[in-house]
Amino acid sequence: MDLGLRGKKALVTGGTRGVGRGIVLALAHAGVDVVTCYRSESEHVASLERELKEIGGDHLVVQADLTQPVRVARLLEQVRETHGGVLDLVVNNAGAISHIPYEQLSLDEWQRVLATNLTAAHLVVQHALPLLRAGSSVVSIGSKAVDAGIPLRSHYTATKAALVGLNRSLAKEFGPRGIRFNVVALGVVETENLHALPEADRRLMIERYSAKTALGRLGLPEEVAGAVLWLAGDLSRYVTGSTVSVDGGIS
Ligand code: NDP
């Protein structure tokens, strides 16, 4: 199906693995030119570059640790150069998580997760604004953990809740300029991280979380991408300030 996205210009943060990779590939298949970034070198970088080359289009995969404000500024400079000064879609996807009892949560860890999930998203949007125009769309990847609450992840859920507030306020502030802001709140999505778990842990995790969903299974990165593609284009032109759940009906 032609979603009318061909030739559009996108930035997706954290696109080399997991959910972000699914979004990058789906956008590229839809004819969107994509800049994406990662934090550390891995085999995922070269394999993504290979896949993007096979799909075709004008793409760029760059190293940029988003917890460093100067790297965010440089990244958006690279986006401006690559995309010719315009940006139709920003996806704040890069994220960090850890499982730590609240009483043992260090300030360093609190700040690391805030810097990655919240401050980086804020800086990316702020630096992207000069490139955004009427019709541009900003999507931030959130979590259903905000509604449910999850022990050992208080710092993580705090950042994802904050993204929702940021999103609603930016939707109002920039609605008059025709720029839309939405959150896509995920349930549990199968990624390389899950596949890297020992077999028994992986099976337990899949069983436990699948049982909480209406559809009886975990999600896939390409299923998150479906919602992002919809939010990227004209089909969703009256949707802003929203949190769209992509969670298989988890509760
Ligand atoms: P992964 O850990 O699989 O991938 C994260 C990606 O972000 C990688 O490409 C990673 O790069 C990049 N990244 C992380 N930190 C930085 C940084 N400081 N600077 C630049 N890039 C960075 O994550 P998921 O795919 O699981 O999650 C993606 C998003 O979806 C996150 O925001 C997460 O909170 C959210 N989410 C995921 C769920 C799930 O079940 N998977 C559930 C709910 C929400 P590198 O490879 O270099 O580390």
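Let's start with S140, which sits in strand β5. Is S140 buried or exposed? Its relative accessibility is 7%, and because buried means under 20%, S140 counts as buried. Its side chain also has a partner: a polar contact of 3.3 Å links the side chains of S140 and N92. Keep in mind that this is a predicted model.

Strand β5, which runs over residues 132-143, also matters for the ligand's surroundings. How many residues surround the ligand? There are 28, and the closest are R17, R39, S40, N93 and V189. Within that shell, β5 gives the most, with three residues. Three elements each supply at least two residues: β5, α1 (18-29) and α6 (154-174). Sorted by class, the shell has 14 polar, 10 nonpolar and four charged residues.

Here are some of the short distances between protein and ligand atoms.

| Residue | Protein atom | Ligand atom | Distance |
|---|---|---|---|
| V19 | backbone N or O | oxygen | 2.8 Å |
| S40 | backbone N or O | oxygen | 2.7 Å |
| D65 | polar side-chain atom | nitrogen | 3.0 Å |

How much of the ligand does the protein bury? Taken alone, the ligand exposes 900 Å², and the protein buries 91% of that.

Now for helix α1, one of the elements that supply the shell. At 1.5 Å a residue, its 12 residues should span 16 Å, and its end C-alpha atoms are 17 Å apart, which agrees. Why can we call α1 largely enclosed by the rest of the structure? Because 10 of its 12 residues are buried. The buried ones are G18, V19, G20, R21, G22, I23, V24, L25, L27 and A28. V19 is on that list, and its backbone also appears in the table above, 2.8 Å from a ligand oxygen. After α1 comes G31, with a positive phi near 90°.

Helix α3 makes a good companion case. It covers residues 69-83, 15 residues in total, and reaches 21 Å from its first C-alpha to its last, close to the 21 Å expected at 1.5 Å a residue. Which residues of α3 are buried? They are V72, L75, L76, Q78, V79 and H83. These buried residues cover an arc of only 155° around the axis, which puts them on the same side of α3. The general background is simple: an α-helix has 3.6 residues a turn, so residues three or four places apart point the same way.

Definitions and conventions
Residues are numbered from 1 along each chain as its sequence is written. This is a predicted model: local features need pLDDT of at least 70, side-chain atom pairs count only at pLDDT 80 or more; totals for chains, interfaces and linings use all residues. Side-chain values use heavy atoms; hydrogens and water are left out. A residue is near a molecule or strand if one of its heavy atoms lies within 4 Å of it. A polar contact is a pair of N or O atoms within 3.5 Å; within protein, one must be able to donate a hydrogen and the other to accept it, and residues adjacent in sequence count only if both atoms are side-chain atoms. Accessible areas come from the Shrake-Rupley method with a 1.4 Å probe; for residues, only the protein chains shown count as cover. Helices (H or I, at least four residues) and strands (E, at least two) are DSSP runs, numbered from the N terminus. Ala, Val, Leu, Ile, Met, Phe, Trp, Tyr, Cys and Pro count as nonpolar, Asp, Glu, Lys and Arg as charged, and the others, Gly among them, as polar. The expected span of a helix is 1.5 Å times one less than its number of residues. Buried means under 20% relative accessible area, exposed over 50%, partly exposed in between (1.4 Å probe, protein chains only). The arc is that of the directions from the helix axis to the C-beta atoms.
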